[in-house]
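Please follow this structure step by step, beginning with a single residue and moving outward to the sheet, the helices and a pocket.

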Amino acid sequence: MKKPFRRAFIEITNSCNLTCSFCAASARAKSFMTPGAFEAAAAQAGKLAAVLFLHLLGEPFMHPRLPEILGICSRLGLKVNLVTNGLLLDRFGPEIFNEACLTQVSVSLQALADLPEDSRARNLKKLTEFALHKPSGLIISFRLRGNPAELFIKETKAALLGALTENGACKQVRDGLKLREEVYLNFGSIFDWPGGPGGKQKKGCLGLRHHFGILSDGRVVPCCADYDGALALGNINKKPLAEILGSPGALALRDSIAGKTPMPAYCASCGFTAPDS
């Protein structure tokens, strides 16, 4: 049976090992979901969403009990996409990537841009080695956001093509390239976070239609960009997730975000928009 949402973002921690210039600056204290709290969230979210993402802000590999959390997802029969900056992939050993729940690891390569050049090269080499020796069936998606004319983008793309393709041969797919079997390089622009100054006209967005998020403190937010819970709808520690998402307030916010009614002011500066279709 098709689930009502494509994705659920569960922020297992809002702690990160980097302070990237493109990322939002959160006002929240650093916190980590306990495995028990995560299981309660995942069991509810998994009934509603096809795939779980274990972040909203934060680096999932910063969570000291990530292997246990992935084990919970496997036991619950869930599918997981891990989004990471890639610097801590070896923290728990290679066996973590054999978890049955894990379908994709998405690496945000723009995180490397703020590193010293020698560290950047060293970490990029580790990432290409990871892609070359990954378990069969696991998709690796490298994400490279920014101006294609920038030197960092050019050099990083060239390094990946040199390390992961045969003589530079690759296949164009949607917004990126297929470098080899189950390994992709996707492109995009650096987006603007919501809540900032200014704004722009937009027809609508996908929050509460395509996805929703759960912050590390249990608050339910309408989208993957509401990093401080500005539009929080409730808390799963106090009320069931389905009840929160089905509440009159959530349904009204969904219509507002979709552009059926005036869009929330908080969303005006956000770089995420829904397709025209």
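Ser 108 is a good place to begin, and this residue lies in strand S4, which covers residues 102-108. The model is a predicted one, and the values below should be read with that in mind. Is Ser 108 buried or exposed? With a relative accessibility of 14%, Ser 108 counts as buried, because buried means under 20% relative accessible area. If we set aside the neighbours within four places in sequence, the residues in contact with Ser 108 are Val 83, Thr 84, Asn 85 and Arg 143.

One of these contacts, Arg 143, takes us to another pair of strands, since Arg 143 stands opposite Asn 186 in S8. Strand S5 (residues 139-145) and strand S8 (residues 183-188) run parallel and are joined by six bridges. S8 also pairs with strand S7 (residues 176-180), this time in the antiparallel sense and over four bridges. Within that pairing, Arg 180 has Val 183 in S8 as its bridge partner. S7 and S8 form a hairpin in which two residues lie between the strands, and Glu 182, in the turn, has a positive phi of about 70°.

We can now step back to the whole sheet. How many strands does the open sheet have, and in what order do they stand? There are 11 strands with mixed pairing, and their order is S6-S7-S8-S5-S4-S3-S2-S1-S9-S10-S11. S6 and strand S11 (234-235) stand at the edges, and each has a single partner strand, so one side of each is left without a neighbour in the sheet. Towards the S11 end of that order come S9 and S10, and S9 pairs with strand S10 (residues 219-221) in the antiparallel sense over two bridges, with Ile 214 standing opposite Val 220 in S10.

Just before the edge strand S6 (171-173) there is a loop that follows helix H4 (151-164), and Gly 168 has its place in this loop. The relative accessibility of Gly 168 is 40%, which means that this residue counts as partly exposed. Although Gly 168 and Leu 179 are 11 residues apart in sequence, their C-alpha atoms are 8.4 Å apart in space.

The helices come next, and helix H1 (residues 35-48) allows a simple check of length. Its 14 residues should span 20 Å at 1.5 Å a residue, and the C-alpha atoms at its ends are 20 Å apart, so the two values agree. The buried residues of H1 are Pro 35, Phe 38, Ala 41, Ala 42, Ala 45, Gly 46 and Leu 48. To see the reason for looking at such spacing, recall that an α-helix has 3.6 residues a turn, so residues three or four places apart point the same way. The buried residues of H1 pack against several elements, including strand S1 (5-10), strand S2 (49-53) and helix H5 (241-245).

H5 is also part of what covers the buried residues of H6. In helix H6 (residues 248-258), these buried residues are Ala 250, Leu 253, Ser 256, Ile 257 and Ala 258. Just after H6 comes Gly 259, which takes a positive phi of about 90°.

Finally, we turn to a pocket. The second largest pocket has a volume of about 220 Å³, and 13 residues line this pocket, with Leu 89, Asp 90, Pro 94, Phe 97 and Phe 130 lying nearest its centre. Sorted by class, its lining has six nonpolar, three polar and four charged residues.

Key
Residues numbered from 1 in each chain as written. Predicted model: local features only at pLDDT ≥ 70, side-chain atom pairs only at ≥ 80, totals over all residues. Heavy atoms only, no water. Buried < 20%, exposed > 50% of the residue type's maximum accessible area, 1.4 Å probe, protein only. 1 Å grid on protein atoms, 1.4 Å probe; cavity = no way out; pocket = protein on both sides within 12 Å on 5 of 7 lines; lining within 4 Å. Points joined across faces, edges and corners; volume = space filled by probe spheres on them. Nonpolar A, V, L, I, M, F, W, Y, C, P; charged D, E, K, R; others polar. Expected span 1.5 Å × (residues − 1). Contact = heavy atoms within 4.5 Å. Pairing = 2+ DSSP bridges.
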